[in-house]
Structures are given as C-alpha cells and as structure tokens.
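Grab a coffee and work through these short exercises with the structure open beside you. Try each task before reading its solution.

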Amino acid sequence: MNPEQAVGLALDLARQPDLEMPIAAVVLSPAGEILGRGVNRREADHDPTAHAEILALREAGAVLGDWRLTGCTLVVTLEPCTMCAGAAVLSRVGRLIFGAFDDKGGGVGGLWDVVRDPRLNHAVEVVGGVRQAECSAVLEDFFRQRRQ
C-alpha cells in the first residue's frame with residue numbers, strides 16, 4: 001500500500017461524524033493489513049493519553065500479542081505530538097506516515113523531531129505531508145463549524 005492510500009484509510013476514520021477531534025490513526029502490518037485504529041478520545045475516556053496514535057498502537061499490540069510492532073507502519077492524519085512520537089519509537093514501528101504538519105505541537109519535525117533523535121535506540125522512517133491539503137481541510141472544517 002502506498003502512502004497516499006494509507007493516509008486515505010486514516011482520513012476515512014477522521015471524517016466520521018461526531019468525533020471529539022477529527023484526528024485518526026491506523027497501524028498497518030508489513031503486508032498492509034490494518035492491525036489497529038484510533039481516533040482522539042481524551043474527553044470521552046477522561047484520559048490525556050487517549051490520542052488516536054496511542055489507541056491505534058494499543059490495538060495493534062493486542063492483535064499481535066506483542067508490544068513490538070517491528071515492520072509495522074503508523075499512519076496519522078496530523079503530525080504526532082511528542083508523546084505519540086515517543087510511543088512510535090518505543091513500539092518499534094518501522095515507518096510513520098502523516099498528513100498535515102503541526103507547527104505548534106508536532107513531535108516529528110514541526111517543533112521537535114523525536115523519532116529521528118540519534119540518541120534513541122530506534123529510528124523511525126518518516127514520510128510527512130502526505131495528502132496534506134486534505135488532512136488540513138478536515139481539521140479546518142471541524143474548527144470552522146465549532147466557531148459558528
């Protein structure tokens with residue numbers, strides 16, 4: 001599966017109605033199968049760690065029966081924050097694909113670059129800005145509707 005198709009899977013999740021925040025993540029196996037899905041659920045779960053990426057990584061780990069997601073790909077509609085970037089490193093995903101950049105809180109190049117810090121024991125390949133305009137538009141539309 002190419003990066004555009006992968007982000008398309010996350011975009012489909014992010015476009016669901018009644019989300020707290022239209023940010024979504026999927027974890028793909030090396031063969032391209034979906035192992036985990038997540039959308040932001042901080043409010044619903046009363047959990048500051050309930051970001052889309054964390055929930056998708058948890059589900060993928062449960063499916064595989066292992067916390068090591070070696071060879072898997074984490075796909076997100078928005079550049080992960082530092083917590084989620086750290087979780088990508090700790091879970092040993094091989095690749096991270098994201099759509100929109102987050103200049104205010106991004107942990108994969110926007111503000112920090114956690115996943116490629118040479119001091120860490122694992123490096124993650126990053127493909128950013130995939131279908132960026134679409135991913136940004138989903139967020140912009142969400143906030144525009146909230147302000148009305």
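## Exercise 1: The largest pocket

Task: Sort the lining of the largest pocket into nonpolar, polar and charged residues, then find its volume and the residues closest to its centre.

Solution. Start with the sorting: the lining has six nonpolar, three polar and four charged residues. Keep in mind that this is a predicted model. Next comes the volume, which is about 210 Å³. Then look at who sits in the middle: 13 residues line this pocket, and Ile-23, Asn-40, His-51, Leu-78 and Cys-81 are the closest to its centre.

## Exercise 2: Looking for disulfides

Task: Work out how many disulfides the model has, checking Cys-72 and Cys-84 on the way.

Solution. First, the cut-off: two cysteine sulfurs have to lie within 2.5 Å to count as a disulfide. Take Cys-72: the closest cysteine sulfur belongs to Cys-84 and is 17 Å away, so that's too far for a bond. Now try Cys-84, whose sulfur has its closest cysteine partner in Cys-81 at 3.8 Å, again too far for a bond. The final count is zero disulfides. While you're there, check burial, which needs a relative accessible area under 20%. Cys-72 has 2%, so it is buried, and Cys-84 is buried too, at 1%.

## Exercise 3: Inside the nonpolar core

Task: Find which residues touch the most other members of the largest nonpolar core, and which element gives the most to this core.

Solution. The core holds 44 residues, and Val-27, Leu-74, Val-75 and Val-115 touch the most other members. Now for the elements: helices α1, α3, α4 and α5 and strands β1, β2, β3 and β4 each supply at least two residues. The top contributor is α1, with six. Zoom in on Val-115 and skip residues up to four places away in sequence: its contacts include Ala-85, Val-89, Leu-96, His-122 and Val-126. As background, nonpolar side chains in soluble globular proteins tend to be buried together.

## Exercise 4: Two residues to compare

Task: Are Ser-29 and Arg-147 buried or exposed?

Solution. Begin with Ser-29, which you'll find in the loop between β1 and β2. Its relative accessibility is 9%, so Ser-29 counts as buried. Beyond its neighbours within four places in sequence, Ser-29 is in contact with Leu-35, Gly-71 and Cys-72. Now move to Arg-147, in helix α5. Its relative accessibility is 64%, and because exposed means over 50%, Arg-147 counts as exposed.

Notes: Residues are numbered from 1 along each chain as its sequence is written. This is a predicted model: local features need pLDDT of at least 70, side-chain atom pairs count only at pLDDT 80 or more; totals for chains, interfaces and linings use all residues. Side-chain values use heavy atoms; hydrogens and water are left out. On a 1 Å grid over the protein atoms alone, a cavity is a set of points where a 1.4 Å probe fits but cannot get out, and a pocket is an open set with protein on both sides within 12 Å along at least five of seven lines; lining residues have an atom within 4 Å of a point. Grid points are joined across faces, edges and corners, and a volume is the space filled by probe spheres set on the points. Ala, Val, Leu, Ile, Met, Phe, Trp, Tyr, Cys and Pro count as nonpolar, Asp, Glu, Lys and Arg as charged, and the others, Gly among them, as polar. Buried means under 20% relative accessible area, exposed over 50%, partly exposed in between (1.4 Å probe, protein chains only). A nonpolar core is a set of buried Ala, Val, Leu, Ile, Met, Phe, Trp, Tyr and Cys residues joined through side-chain atoms within 4.5 Å. Helices (H or I, at least four residues) and strands (E, at least two) are DSSP runs, numbered from the N terminus. Contact means heavy atoms within 4.5 Å.
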